[in-house]
Amino acid sequence: MDLQPLSGIEYIILVEILFQQVLVLLICLFMASYGHSLRRRCQNRREVRYRMSVQVSKIISHLHYIINDNGSVCIDKLKMDRNAFHTLVLFTKDIGGLTDSKSMSSSEKLAMFLNILAHHEKNRSIKVDYIRSGWSVSQDFNECLSAILKLAPLLLVNPKPVLEDGIEDRWKWFEVGNYYLCDGGYTNGKGFLSPYRCYRYWLKDWRDDNPSPRCKEELFNMRHARARNVIERAFGLLKGRWGILRSSSWYSINIHNRIISACCLIHNFIRREMEVDPLDIDIEEQMEYQHENVNVIESSEEWTTWRDELAQSMWNTRFNN
């Protein structure tokens, strides 16, 4: 069959038909690709929803395990029992202004905060345990810190002066002026009342079969240690409860000062709310006494004379009674 050359009009029609067919093909390819993308997108959304549901479930399960399921775990992780924890949550919300966020409850925020204080955990450890981002852990820590500090009017205990007619034998000998009761590493000078060196000092030195104080210096040292032991024990409880106080911190000085105040406030709260404090044991037996010489306080003749007079008064009173 002979092929006849196309006229101009026929050529234009053929080109237009080919263009339309190519256009239809492109549309079909686009629709196929778009449909696959839609299916993939829907699948991704289902996967995200699934992962979120699993994550929320794990978060709730972990928090429930700490504060509801096991009392000993709650005390270990948060340093208080479940009743005390729930009471503290109410205080931080009603007084401290702690709020539930869209994705995190006040209970979870406070649990993470107490966990960090108790064990000096880093953000990367907390975010794994609680399945949160490091940013969320940091933000919630600061929010809880501010909320706890607002409880100061409720939890801060004002010190009471030691009166001359006080009946507490532990303190009545040390009511004069303002000064520090120091161990033997300090020089006895103005503002620093230290024990006699080269004489027995620690309370265990007079326990069991050990003889009672045999001179005014030993009697002074025993009563000095008994009074100072209250202070040592308080610091021992604080450090025993809050791991963040037992080592150097990566927080700034300003934040760390606030952390120390928060630890003291929560300590007071625990002592008030819990009938039995797990740490209320004989801290004295666990203390490690470290002596550090302080060279900036010079020995004072005035304070040495006063210490001798105080020791003699103790000795005389002991035999007169």
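How many helices and strands does the secondary structure of the protein chain come to? I looked this up before anything else, keeping in mind that I am reading a predicted model, and I found 10 helices and 2 strands. Following the sequence from its start, I wrote down the pattern as α-α-α-α-α-α-α-β-β-α-α-α.

**Entry on the chain as a whole.** I noted that the protein chain has 321 residues, of which 34% are buried. I then looked at contacts with a separation of 6 or more, and saw that 66% of them join residues 24 or more positions apart.

**Entry on the cores.** I turned next to the largest nonpolar core, which has 44 residues, and I listed Met80, Phe113, Leu114, Trp242 and Ile266 as those with the most contacts inside it. Seven helices each supply at least two residues of this core, namely helix 1 (8–69), helix 2 (71–78), helix 3 (82–94), helix 4 (106–119), helix 5 (123–130), helix 6 (134–149) and helix 9 (253–273). Apart from this core I found another, of 16 residues, which includes Trp206, Trp303, Leu310 and Trp315.

Which residues is Leu114 in contact with, leaving aside its neighbours within four places in sequence? I wrote down Lys77, Leu78, Met80, Phe85, Leu88, Trp242 and Ile266, and I noticed that Met80, Trp242 and Ile266 also stand with Leu114 in the list of residues with the most contacts inside the largest core.

**Entry on helix 2.** In this helix I marked Val73, Cys74 and Leu78 as buried. They lie on the same side of helix 2, because the arc they cover around the axis is only 100°. For Cys74 I recorded a relative accessibility of 0%, so this residue counts as buried. Just after helix 2 comes Lys79, and there I noted a positive phi, near 65°.

**Entry on the cysteines.** How many disulfides does a search of the whole structure find? I recorded 0. As a reminder to myself, a disulfide is a covalent bond between the sulfur atoms of two cysteines. I checked Cys263 in particular, whose closest cysteine sulfur belongs to Cys264; the two sulfurs are 6.9 Å apart, which is too far for a bond, because a disulfide needs them within 2.5 Å. Cys263 has a relative accessibility of 0%, and therefore counts as buried.

**Entry on the largest pocket.** I noted a volume of about 1400 Å³ for the largest pocket. It is lined by 27 residues, and those closest to its centre are Pro159, Trp171, Val230, Ile231 and Ala234. Helix 8 (216–241) and helix 9 each supply at least two residues of the lining, and the largest share, 8 residues, comes from helix 8.

**Entry on two single residues.** Is Trp135, which sits in helix 6, buried or exposed? I put Trp135 down as exposed, because its relative accessibility is 63% and the cut-off for exposed is over 50%. From Trp135 to Arg124 I noted 11 residues in sequence and 9.9 Å in space, C-alpha to C-alpha.

My last look was at Ser313, which is found in helix 10 (residues 301–320). With a relative accessible area of 32%, Ser313 is partly exposed. Ser313 and Lys216 are 97 residues apart along the chain, and I noted that their C-alpha atoms are separated by 8.6 Å.

Notes. Residues numbered from 1 in each chain as written. Predicted model: local features only at pLDDT ≥ 70, side-chain atom pairs only at ≥ 80, totals over all residues. Heavy atoms only, no water. Core = buried A, V, L, I, M, F, W, Y, C linked by side-chain atoms within 4.5 Å. Buried < 20%, exposed > 50% of the residue type's maximum accessible area, 1.4 Å probe, protein only. Helix = DSSP H or I, 4+ residues; strand = E, 2+ residues; numbered from the N terminus. Contact = heavy atoms within 4.5 Å. Arc of directions from axis to C-beta. 1 Å grid on protein atoms, 1.4 Å probe; cavity = no way out; pocket = protein on both sides within 12 Å on 5 of 7 lines; lining within 4 Å. Points joined across faces, edges and corners; volume = space filled by probe spheres on them.
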